[in-house]
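Student: I've just opened a new structure, and I'd like to learn how to read it. Could you walk me through its features?

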Amino acid sequence: MIHAPALILSIFGILAVSRALSLIIPSEFYFTFQSLFSDRAARSMVLALFGKMMGPLLTGFAAGWIIYARARSSGRPGSAIASFARRVKRQWMPTIFLAGCFAAFLSAWPIIVYWDLLSNPEVMHLKAIFMLLYGLYMLGYGYVSLFGFLAAVFISEHLEGGADPNRLVSKSELSRVGALWLINSGLASAVMDIITK
């Protein structure tokens with residue numbers, strides 16, 4: 001079950017933060033798919049992809065921090081946290097993940113739709129590889145958004161102290177989502193590095 005207002009706010013947040021970062025971070029350290037169509041390739045694809053992923057990471061973190069704080073501040077802390085624990089898995093995790101995926105799609109949908117018009121003739125034959133890379137990129141955006149969300153909940157729980165064995169986010173879950181993000185981003189980065197040389 002997706003929380004529609006949170007989905008829309010998260011998509012907008014990711015796009016806004018990503019746009020702000022693209023204006024702040026020098027272009028050689030910020031990945032764009034336009035680098036496929038120009039001679040201005042990033043100096044380091046890994047650093048450039050990390051710069052690109054900061055938007056969804058920061059937005060996911062802010063969403064997790066706010067949502068967790070609201071759950072803790074409601075009138076009956078015990079039942080509020082119990083309800084929040086159920087909603088983390090069923091509602092918040094899918095909402096934040098989808099927000100990342102949709103934001104990635106919206107950030108470059110014209111290139112997907114108008115590939116034949118916008119692409120450089122030298123890379124036009126790479127359309128299938130581009131679509132595969134873009135799929136990995138969208139999954140990477142989803143996973144990094146989710147990682148930011150879970151990291152905020154994890155940190156919030158640990159700041160409260162106490163050795164609660166029933167924590168909402170475990171280290172293994174946080175590691176698993178982080179690994180999925182790194183695998184998707186690493187694959188996309190490696191393939192992009194190969195095809196742009």
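Student: Let's begin on the outside. Which element gives the most to the nonpolar patch?

Tutor: That would be H3, with 4 residues. Before we go on, keep in mind that this is a predicted model. The patch itself covers about 690 Å² and is made by Phe105, Leu106, Trp109, Val113, Tyr114, Leu117 and Leu118. H3 and helix H4 (115-118) are the elements that give two or more residues to it.

Student: Is Leu118 buried, exposed or partly exposed?

Tutor: Leu118 sits in helix H4. Its relative accessible area is 45%, so it counts as partly exposed.

Student: Okay, let's step back. How many helices and strands are there in the chain?

Tutor: You'll find 6 helices and 0 strands. Read from the N terminus, the order is α-α-α-α-α-α.

Student: And how far can I trust the model? Where is confidence lowest, and where is it highest?

Tutor: For this, look at pLDDT, the predictor's confidence in each residue. Confidence is lowest in H4, with a mean of 76, and highest in H1, at 91. The chain as a whole averages 81, and 79% of the residues score at least 70.

Student: Now the inside. What share of the residues in the chain is buried?

Tutor: Buried residues are 44% of the 197 in the chain. For the outside, the accessible surface comes to about 10,500 Å², and 68% of that belongs to carbon and sulfur atoms.

Student: Which residues have the most contacts inside the largest nonpolar core?

Tutor: That core has 41 residues, and the ones with the most contacts inside it are Phe84, Tyr141, Phe149, Leu150, Val153 and Val169. At least two core residues come from each of helix H1 (4-24), helix H2 (45-73), helix H3 (77-113), helix H5 (127-160) and helix H6 (171-195). H3 gives the most, with 13 residues.

Student: Let me zoom in on one of those. Which residues is Val153 in contact with?

Tutor: If you leave aside neighbours within four places in sequence, Val153 contacts Gly64, Tyr68, Phe84, Leu168 and Val169. You can try the same reading on Ser156, which lies in helix H5. Ser156 has a relative accessible area of 7%, so it is buried. Not counting residues up to four places away, Ser156 touches Trp65 and Tyr68.

Student: Do contacts join residues close in sequence or far apart?

Tutor: Take the contacts between residues at least 6 apart in sequence: 75% of them join residues at least 24 apart.

Student: What about charged side chains? How many salt bridges does the structure hold?

Tutor: Here's the general idea: side chains of opposite charge can pair when their charged atoms come close. This structure holds 2 salt bridges. One joins Glu173 and Lys89, at 3.1 Å from N to O. This pair links distant parts of the chain, with Glu173 in helix H6 and Lys89 in helix H3, 84 residues apart.

Student: And where does Arg176 come in?

Tutor: The side chains of Glu173 and Arg176 meet in a salt bridge too, at 3.9 Å from N to O. Glu173 and Arg176 are 3 residues apart in helix H6, so about one helical turn separates them. Lys89, Glu173 and Arg176 are thus linked in a network of salt bridges.

Student: Which of these three are buried, and which are partly exposed?

Tutor: Glu173 is buried, with a relative accessible area of 11%. Lys89 is partly exposed at 44% relative accessibility, and Arg176 is partly exposed at 44%.

Conventions. Residues numbered from 1 in each chain as written. Predicted model: local features only at pLDDT ≥ 70, side-chain atom pairs only at ≥ 80, totals over all residues. Heavy atoms only, no water. Buried < 20%, exposed > 50% of the residue type's maximum accessible area, 1.4 Å probe, protein only. Contact = heavy atoms within 4.5 Å. Areas by Shrake-Rupley, 256 points an atom, 1.4 Å probe, with all protein chains shown as cover. Core = buried A, V, L, I, M, F, W, Y, C linked by side-chain atoms within 4.5 Å. Patch = residues over 30% accessible without salt bridge, like charges linked within 9 Å, V, L, I, M, F, W, Y side chains within 5 Å. Salt bridge = Lys/Arg side-chain N within 4 Å of Asp/Glu carboxyl O. pLDDT = per-residue confidence, 0-100.
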